[in-house]
Amino acid sequence: MDLLEYRATRTKTVGEALEQHGIDRRDFLKLCAAMATLLALPASAAEQLAVALAKARRPSVIWLSFQECTGCTESLTRSHSPSLESLIFDMISLDYHHTLQAASGEAAEAAREAAMKENAGKYLVAVDGSVPMGNPGYSTIAGVANIDVLRETAKDAAAILAVGTCAAYGGLPAAQPNPTGAVAISELIKDKPVVNIPGCPPIPTVITGVIAHYLAFGALPELDALGRPKAFYGETIHDRCYRRPFYDQGKFAETFDDEGARRGWCLFKLGCKGPVTYNACATMKWNGGVSFPIQSGHGCIGCSEPNFWDAGGFYEALSMPAHPLKVGAAAAAAGVAAGAAVTFFNRKKKGAAKAGHETTTLEDLER
Amino acid sequence: MSDRLVIDPITRIEGHLRIEARMAGNVIEEAYSSGTMVRGLELILRDRDPRDAWAIAQRICGVCTLVHGLASVRAVEDALKYPIPPNAQLIRNLMIAAQYVHDHVMHFYHLHALDWVDITSALKADPKATSTLAQSLSNYAKSSPGYFADVQKRLKGFVDAGQLGIFGKGYWGHPAYRLPPEANLMAVAHYLEAIAWQRDAVALHAIFGGKNPHPMLVVGGVPVAISIWPEHQGQGKGPHFRGGQSGTALDVTGLARIQEVIRSIRDFVDQVYLPDTLAIAGFYKDWFKQGEGLGNFMTYGEFPAKGMDDPASFMIPRGAILNRDLSHIEEVDLNAEGEIEEFVSHSWYDYSAGRERGLHPYQGETKLNYTGPKPPYEQLEVEKAYSWLKSPRWKGKAMEVGPLARVLMLYAKGHEQTKELVGMALKKLDLPVAALYSTLGRTAARTLESRIVVDAMQGWYDQLVANIKAGDVDTFNEALWEPSTWPKRCQGVGFMEAPRGGLGHWIVIENGKTANYQAVVPSTWNAGPRDGLGQAGAYEAALKGHAVHDGKQPLEVLRTIHSFDPCIACAVHVVELPGSD
């Protein structure tokens, strides 16, 4: 028996495939309900989701890796719902992915080309890593420069997912002095929808959640001005942080193992960038809800924001913006006063951001 | 077959690797290893707060996601002579050990296994016979006929659906696949189990570091404070008032979860990983006779019982083995001139004093100078520069680093558990000690060291609990946190045994900023190109003499390359030094 022979036989819908895998309708509906919850959709959406999924041939996904560290792929493997195995065996057809695919060299490239041809206009391209524009020799695959691989693969794609801060905004390779001229995917692909899924890496379930949304509704999720899905990047970590009450009370950890640190007081003075970082770490948390950086005692470093590497030291307390509040640098040291001032600032900023679907960035505050 | 074999991309690795080989008939005469991506992180590290360096260095690699961050933290601590509390040392040891086993298991099942396991063959297996096989190897609970029938049904459904995804265009049916259908089905089942297992095993990193990949670290200790008050007797208005329990992830629940993870890691290694390695290896004994290459091995040492400045307390010792001579261990000094040096004769970099000399990491330079063929290209110019990796050498010699080097070092030093485990494995496989110097010897070493590390984890955990019980909840040393307390200029080296081998980060700090940063990384030792003397790197040496059945399906090359567990983003680290640009 040969898999390649099988390939020619027939294709099944997701519904048929699940049935064949011993997943009955009841389990399937449960899965859909869980997905609806994950995506913050009304319960009625679960049925719609079930109908959509049961009909679908697994969409082809081509995953391109450029200037990256494989942290985003590693994150993908940590997803609890949907799990990696559900995703790639039941929901999508991951037709090209350097880290996971069996074939190497020519056969690997042939798999990419076949997927592009068979699914022209319908496949998704996920990209991790930035693209170096300084010299085509800075990053090649099969002797071809990253920019050419990207353009060729994106040409017949339905949409592009820029996974991780490097693909979304340039990330670490683009940090000063950007030695290789690294740029974000959205700077290179202008004729296709690009969804940015930032984070260094993104939360596992956010990566799979965006894909699940696309599968369920055949459309991309609603994005903010920075191209991020609002469902996951709509609010700051600070606004959803379990330590927020201490911030409001002006109770701050002064060092990493003092009494305040042990009681879970606010990490603002230790440099936490939660107030200016839009991500779901504080709500969805990491690795099956076990923890997130702040819960494990380290301030947020703002890793899902553009240019966070160049936005000042990770242990520098955020300074209050001179404009519009003019509270000055002294606010950070002023305990309750700082809490109140920042609360006010955030409420205002958050309102503005929500109205315009924009986000505050560290850069904004540095100005 | 043409006289040039080209494999690019090499998949099921971290990063971007290209292998070219000059063929004589179907035999590899010379192999050339090329890293094809560069980011220039060295330039990015300069002129920043050294306390921030770990986060940047950590992004060298997201697979060995802990180790570059920790090597960086250790480099800063070495430069500042900055001691850390015992609890922080224990927590770091636990995190490193968890990284080893997590990394090794994922490597074995998700990166390496498909070199030995034929997915199509699993469809032909008898689930009942598979169950008998599995139960003869291990007491792992998931080994009933029904379980394997379900896995097979799932696989069949997947294949029947006609979309093969990650298995598409695989080399199924290649004559080099030799496992019986039942062993293939068992391996496929464990491929899936390992995905599920690993995402829970990283809970240890999530508790201590907030997330995985890329857990949080801090110079001077660990970031997570211990949210447990052992002295509190439950009377009156205690510290539970306003915070306290659940203040951080490391509370009583978190501590219990760590214990659960350690148990889960141990069970998976004992019941799945170790038996599978031995079972699969038994069908490929010819791969214990080829694929080693250099015969020189080096370790930096890891798992301090006291501090990093006391190498005698390390569980894994430091040293070098030359020409497979286990009776003599050479001393290795990471600070000494003329020991560790990097060469760029065949790399796309320039050195200010000429491309032929080697530089110690403290004096190292990295100036990007791509002189390769203009993309798109068919073939590299291997007589000239052909890689973004440099060629590190120890006293001028090419060295292999990694699990095989560590197991040999422990074995040579008479480590009891290592001798027992190696003896057990060789006896089961009916092989001599010399079988370790091979492709599968390297793969088996990775499994055996996982067993050693897991046992140590329980000891560190017990010590951490005992410390907390005795009232020691220190996890951070505040003394040298403020840059105002630092000397005007200092330098240091942070080293570790990363999953893929000896890793060193060298830092020079001036006026509170990083003046210089250089990382010499395990996969650079192993995957680097030839040096100016024409000495091949470890991959290149290991591939020499391999017979390749079908150049379009270069399974034999993948077996040996994967046995090193390549991590190429790591290997193209690079750091720029002052005055070099």
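**Exercise 1. Work out how strand E12(B) is paired and how far it is enclosed.**

Solution. Start with the pairing. E12(B) (residues 489-498) runs antiparallel to strand E13 (residues 501-510) of chain B, and 10 bridges join them. Strands pair if DSSP finds at least two bridges between them. Strands (E, at least two residues) and helices (H or I, at least four) are DSSP runs, numbered from the N terminus. Next, pick one bridge: B:Gln491 partners B:Val508 in E13(B). Then look at the connection: two residues lie between the strands of this hairpin. Last, burial. Seven of the 10 residues of E12(B) are buried, so the strand is largely enclosed by the rest of the structure. Buried means 20 or more other C-beta atoms within 10 Å of the residue's own, with C-beta atoms placed from the backbone.

The model is predicted: local features need pLDDT of at least 70, side-chain atom pairs 80 or more, while totals for chains, interfaces and linings use all residues. Residues are numbered from 1 along each chain as its sequence is written, and chains are lettered from A and ligands numbered from 1 in the order in which they are written.

**Exercise 2. Describe the contact between chains A and B, then examine helix H7(A).**

Solution. Count first: 90 residues of chain A are in contact (C-beta atoms, placed from the backbone, within 7 Å) with 104 residues of chain B. Helix H7 (residues 105-118) of chain A gives the largest share of chain A's side, six residues. Now its buried residues: A:Gly105, A:Ala108, A:Ala111, A:Arg112, A:Ala115 and A:Met116. Seen down the helix axis, they fall within an arc of 140° and so line one face. The arc covers directions from the axis to the C-beta atoms. Finally, their packing partners include strand E1 (4-7) of chain B.

Definitions and conventions
A residue is buried if 20 or more other C-beta atoms lie within 10 Å of its own, exposed if 12 or fewer, and partly exposed in between; C-beta atoms are placed from the backbone. Two residues are in contact if their C-beta atoms, placed from the backbone, lie within 7 Å.
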